[in-house]
Amino acid sequence: MVWMIRSLGFVVHASRRSAIVEGVEHEKLCMQFNGHTADELPVASCRKIGSSLVRAWATSQQFTVKNLGPGPFRGFEVDGDGRVLLADFVVAHNCPGHDILMAVMLNGAAVMDAAMLLVAANESCPQPQTSEHLAAVEIMQLQNIIILQNKVDLIKEDQAIEHHQQICKFTKGTIAANAPIVPISAQLKFNIDAVVENIVKRIPIPVRDFTSDPHLIVIRSFDVNKPGAEIDELKGGVAGGSILKGVLKLGDEIEIRPGLVRKEGTSQITVRPIHSRILTLNTEQNHLKFAVPGGLIGVGTMVDPSLCRADRLVGQVLGHVGKLPKVYIELEINYFLLRRLLGVKTDDKKQAKVSKLSKSEVILVNIGSTSVGARVTGVKSDLAKLVLSNPSCTEIGEKIAMSRRIDKHWRLIGWAKIMKGKVYELEQN
């Protein structure tokens with residue numbers, strides 16, 4: 001790499017540095033390059049761009065960059081600045097496995113294209129949360145699954161084989177029946193290359209919708225201002241999430257629904273959507289001019305940062321003004337209950353049955369990336385009517401997950417499909 005950059009007429013200074021990561025010392029090669037037009041090279045990270053120096057160096061030969069016009073396809077142009085992405089990439093989103101965080105897991109699953117089910121090899125399979133996770137994967141209709149048998153370094157070979165058979169028995173007849181099972185050790189980095197190979201070969205590139213109105217589900221929001229910042233230095237809040245369809249561009253006028261929800265008195269609720277404009281688009285350290293479906297995107301807005309602090313916008317939907325789904329306060333659903341209550345066993349060590357929904361019962365429903373309480377006001381056969389504790393922006397036909405509070409924990413009991421609902425009238429700004 002050093003000789004290639006030097007052959008282009010640049011001055012390159014190379015040095016080797018060592019860094020300690022997780023107690024292991026690693027050696028890395030650092031390069032600094034400068035020269036005429038160095039700042040025009042397509043370097044992905046802004047802080048790594050070289051300096052363009054006017055005076056000639058004794059060891060360099062100046063050259064110019066000439067636009068040759070349209071030519072052979074070299075990659076996917078990300079944001080219109082001529083820099084190209086030469087390969088596909090995968091964005092990983094971690095969902096917690098603890099049983100008391102099931103609602104968090106269901107919220108994160110709303111923006112996933114595939115899933116990796118992590119199973120500890122030093123524990124019997126299935127654990128309560130493992131059963132719930134697999135049920136959630138089926139509810140969210142995730143077809144692409146890879147099972148990771150972790151911590152194989154802590155058990156013997158015959159135990160690993162027996163545990164593998166437990167996984168096969170557990171997934172038989174489920175959506176993960178044909179999923180590959182990869183033995184790994186995350187601590188020792190064992191077999192990670194096999195995981196990457198399965199991701200590349202077994203998970204197809206999802207089909208994206210670039211033509212519809214943009215629809216971003218917010219799963220994070222935060223205030224990027226530092227304490228003590230001056231008024232003229234303040235920046236608007238940032239909403240993080242994944243675009244399900246459409247394209248967002250810098251300067252777009254956007255709307256966030258439901259927006260500001262205020263309760264006045266005992267029952268009166270007012271809902272006012274938030275209107276703003278996109279100032280920045282980021283993914284990792286990359287600044288974008290437009291964002292497309294897939295991956296996690298940070299949208300910098302002009303919204304009051306106090307409204308975005310500490311994930312206060314989680315569960316909201318972001319898109320163009322007047323193009324988002326309606327906001328509902330009551331839903332009529334067609335529901336399907338699980339046969340057994342996952343993660344809960346009776347005195348005879350058998351899984352408890354899931355009882356039917358009852359009138360006036362309070363349950364937790366996951367709509368998109370939001371968790372909201374709902375009171376059952378009517379039940380007839382496999383149909384039910386719910387009154388939500390907070391208005392939710394959703395669509396007819398969308399799937400939702402249902403949980404019931406059992407032993408101080410929310411347990412997954414089934415899923416439902418929204419048939420119709422009562423639209424909530426929004427206040428205009």
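A salt bridge is a side-chain nitrogen of Lys or Arg within 4 Å of a carboxyl oxygen of Asp or Glu. Keep that cut-off in mind at the first stop of this tour. The model on screen is predicted.

**Stop 1: E330 and K385**

Select E330 and K385 and show their side chains. The two meet in a salt bridge, with 3.9 Å from N to O. That distance counts because the cut-off is 4 Å. The pair links distant parts of the chain: E330 is in strand β19 (residues 327–337) and K385 is in strand β24 (residues 383–393), 55 residues apart. E330 is partly exposed, at 21% relative accessibility. K385 is also classed as partly exposed, with a value of 35%.

**Stop 2: two further salt bridges**

How many salt bridges does the structure hold? There are seven, and one of them is the pair just visited.

Select E361 and R404 next. Their closest N and O atoms are 2.5 Å apart, and the two residues form a salt bridge. This pair, too, links distant parts of the chain, with the two positions 43 residues apart in sequence numbering: E361 sits in the loop between β21 (351–353) and β22 (362–367), while R404 belongs to strand β25 (residues 399–406). Are E361 and R404 buried or exposed? E361 is buried, with a relative accessible area of 14%. R404 counts as buried as well, at 10%.

Now move to helix α5 (residues 192–202), and select K201 and E197, which both lie in it. They are four residues apart, about one turn of the helix. A salt bridge joins them, and the closest N and O atoms are 3.0 Å apart. K201 counts as exposed because its relative accessibility is 65%, and the class begins over 50%. E197 is partly exposed at 40%.

**Stop 3: the eight-stranded sheet**

Hide the side chains and show the backbone as a cartoon. Look for an open sheet of eight strands, paired antiparallel, in the order β13-β12-β18-β9-β10-β17-β14-β15. Which strands are at the edges? They are β13 (268–277) and β15 (286–288), each of which pairs on one side only. From one strand to the next, the twist averages 35°.

Zoom in on β12 (residues 253–264) and its partner β13. The two run antiparallel and are joined by nine bridges. To see one place where they face each other, select R262, which stands opposite T270 in β13.

**Stop 4: T301**

Select T301, in the loop between β17 (297–300) and α6 (305–308). T301 is buried, because its relative accessible area of 2% falls under 20%. Show everything around this residue. Beyond its neighbours within four places in sequence, T301 is in contact with G236, G237, I254, S276, R277 and L279. A polar atom of the T301 side chain lies 2.8 Å from the backbone oxygen of G237. The backbone nitrogen of V303 lies 3.2 Å from a polar atom of that side chain.

**Stop 5: D223**

Go to the loop between β9 (215–222) and β10 (238–245), where D223 is found. D223 is partly exposed, with a relative accessible area of 21%. What does the side chain of D223 reach? One polar contact, of 2.8 Å, joins it to the side chain of N225. Another, of 3.0 Å, joins it to the side chain of R309. With neighbours within four places in sequence set aside, the residues in contact with D223 are P305, C308 and R309. Add D304 to the selection: D223 and D304 are 81 residues apart in sequence, but their C-alpha atoms are 8.9 Å apart in space.

**Stop 6: the nonpolar cores**

In soluble globular proteins, nonpolar side chains tend to be buried together. To look at such a group, select I333, I363, V365 and M402. In the largest nonpolar core, of 23 residues, these four touch the most other members. The elements that give two or more residues to this core are β19, β22, β23 (370–380), β24, β25 and β26 (409–423). Strand β19 gives the most, with four residues.

Center the view on V365. Leaving out neighbours within four places in sequence, V365 is in contact with T370, S371, V372, A374, L386, L388, I400, A401 and M402. Apart from this core lies another, of 18 residues, including L216, V218, I254 and I297. I254 was also among the contacts of T301 at an earlier stop.

Technical notes:
Residues are numbered from 1 along each chain as its sequence is written. This is a predicted model: local features need pLDDT of at least 70, side-chain atom pairs count only at pLDDT 80 or more; totals for chains, interfaces and linings use all residues. Side-chain values use heavy atoms; hydrogens and water are left out. Two strands pair if DSSP finds at least two bridges between them. Axes are lines fitted to C-alpha atoms, for helices over the stretch in contact, and angles run from 0 to 180 degrees between N-to-C directions. Buried means under 20% relative accessible area, exposed over 50%, partly exposed in between (1.4 Å probe, protein chains only). Contact means heavy atoms within 4.5 Å. A polar contact is a pair of N or O atoms within 3.5 Å; within protein, one must be able to donate a hydrogen and the other to accept it, and residues adjacent in sequence count only if both atoms are side-chain atoms. A nonpolar core is a set of buried Ala, Val, Leu, Ile, Met, Phe, Trp, Tyr and Cys residues joined through side-chain atoms within 4.5 Å.
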